[in-house]
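Got your viewer open? Let's take a short walk through the model, one selection at a time.

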Amino acid sequence: MIDIVVVLRAEDAVLDFLSVLTPPLAASAPDDEVHVLIADSGVHLVLPPLTAPAERLGLLAAQVREPDESAASPGPGVLRASVAQAAKGRRARVWTHSPADNRRSRGRLGFDVAEALDTPETAGDTEVLHAVGYSPYLQFVSEIDRSLDRELVAVKLDFVNRHARHLLDANSPQHMIYTGRVPSAERYFTARQDERLRLFALLASLDDEAASVPDPWEFATSPYEAERLDATTTWVARFRDPADGPLVEVGACEGALTARLAGKGYRVDATEPNQIFRDRLTAGPGATEPVRVHPDSLELLAGTRRLAGAAYLLIEMLYYGQDLELLTALPTDLLFVALEPEVLDTALRPWLATAPAWEIVDETVLVRPALETVCGGRAHLRKRGSAGVLLRRRPTTERGADFS
């Protein structure tokens with residue numbers, strides 16, 4: 001069996017896979033070569049067996065480049081062919097990035113490598129292991145844990161200082177090297193297709209990557225999310241009766257909250273700009289009589305003012321740099337806003353202090369933080385809690401639309 005390391009950039013091989021690149025010489029055999037495939041350049045390196053770490057890493061040092069935001073996975077087809085060429089019919093262990101790497105270029109590569117090799121043709125011939133690496137949001141259950149001794153840690157630091165020092169103060173968050181990205185213990189895990197799909201989607205934003213699996217944030221199975229959604233429904237019911245008029249739910253995603261509100265008898269105008277999420281919303285709660293589904297984004301709703309509502313619901317969706325002044329243009333006098341407490345304090349409250357159109361009429365804790373597993377127990381994280389703030393337009397300010 002040979003080891004094949006597939007990374008986005010040359011320095012990644014040293015930062016997360018040094019224990020793979022430098023097996024103990026005493027335990028090495030003459031045929032223990034290690035192959036390194038570098039995706040951003042297409043370079044295929046063969047690290048010869050029975051050689052000291054300095055000699056092996058010298059080959060990688062020559063491949064370290066300046067930051068490049070265009071560096072990307074070449075896709076499953078190219079990766080499959082590259083691994084097959086390196087393996088030459090031999091059984092292989094393939095080491096690569098985590099699908100949940102918060103650097104999306106690395107996450108995509110790790111995802112693509114596993115997808116490329118998860119085929120009937122390669123079954124039994126390849127094993128794919130993902131590096132935990134730097135994971136600021138998730139804690140993983142790993143199968144292989146290798147604690148580096150002081151000598152190997154020194155080798156890793158020396159490599160960075162000699163050959164990648166320009167990345168220590170790089171402006172690119174994708175490529176900057178800092179302490180958390182230089183682990184002294186290297187950990188690896190395997191993942192089934194359903195696990196890696198969910199891991200990849202979990203770290204995505206609100207684009208098609210997030211929508212690549214149904215229910216990417218596990219609203220249907222998470223006790224924490226069920227508590228949050230139930231509490232949000234109860235909170236809305238304290239202040240709005242179904243007879244008061246329709247609710248406009250902005251960014252309804254697949255309709256986990258929409259279904260609860262419709263079940264309580266509310267008419268809901270659910271908006272979702274992402275086509276994939278909107279299709280699932282339409283086929284789910286949107287298929288019922290009290291729910292109407294719309295493609296509008298927050299920006300479009302504020303600009304057209306075409307959906308008047310007894311209240312607007314902006315539940316866990318003001319995380320993406322939206323201009324909060326858009327809220328004043330919405331055609332309603334009542335806004336239900338729910339956010340993580342930290343974001344509420346650092347973003348919404350400062351804006352409200354300078355926004356004369358709105359006053360806070362209620363604040364409530366919807367759910368407190370909790371630790372919870374994700375992706376079938378492959379990882380766990382801290383869910384940060386949710387706080388609700390009910391805003392009412394001050395009578396002296398102009399409403400976002402003419403309701404006459």
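Why is there no bond between the sulfur of Cys253 and the closest cysteine sulfur? Select Cys253 and Cys375 to find out: the two sulfurs are 15 Å apart, which is too far for a bond. To count as a disulfide, the sulfur atoms would have to be within 2.5 Å. Keep in mind as you look around that this is a predicted model.

Stay on Cys253 for a moment. Its relative accessibility is 11%, so Cys253 counts as buried. Now hop over to Cys375, which is in no disulfide either, with the sulfur of Cys253 as its nearest cysteine sulfur. Cys375 counts as buried too, because its relative accessibility is 3%. Search the whole structure and you'll get 0 disulfides.

Next stop: empty space. How many cavities of 30 Å³ or more does a search of the whole structure find? The search turns up 2.

For the largest cavity, select Asp12, Leu15, Asp16, Arg103, Tyr134 and Arg181, the residues that line it. They surround about 40 Å³ of space. Try colouring them by class: you'll see 4 charged residues, 2 nonpolar ones and no polar ones.

Now clear that and select Ser98, Ala100, Asp101, Ala131, Val132, Tyr134, Ser135 and Phe140, which line the second largest cavity. The space in there is about 30 Å³. Colour this lining by class as well, and you get 5 nonpolar, 2 polar and 1 charged.

Before you finish, click on Tyr134: this residue is part of the lining of the largest cavity and also of the second largest.

Terms used
Residues are numbered from 1 along each chain as its sequence is written. This is a predicted model: local features need pLDDT of at least 70, side-chain atom pairs count only at pLDDT 80 or more; totals for chains, interfaces and linings use all residues. Side-chain values use heavy atoms; hydrogens and water are left out. Buried means under 20% relative accessible area, exposed over 50%, partly exposed in between (1.4 Å probe, protein chains only). On a 1 Å grid over the protein atoms alone, a cavity is a set of points where a 1.4 Å probe fits but cannot get out, and a pocket is an open set with protein on both sides within 12 Å along at least five of seven lines; lining residues have an atom within 4 Å of a point. Grid points are joined across faces, edges and corners, and a volume is the space filled by probe spheres set on the points. Ala, Val, Leu, Ile, Met, Phe, Trp, Tyr, Cys and Pro count as nonpolar, Asp, Glu, Lys and Arg as charged, and the others, Gly among them, as polar.
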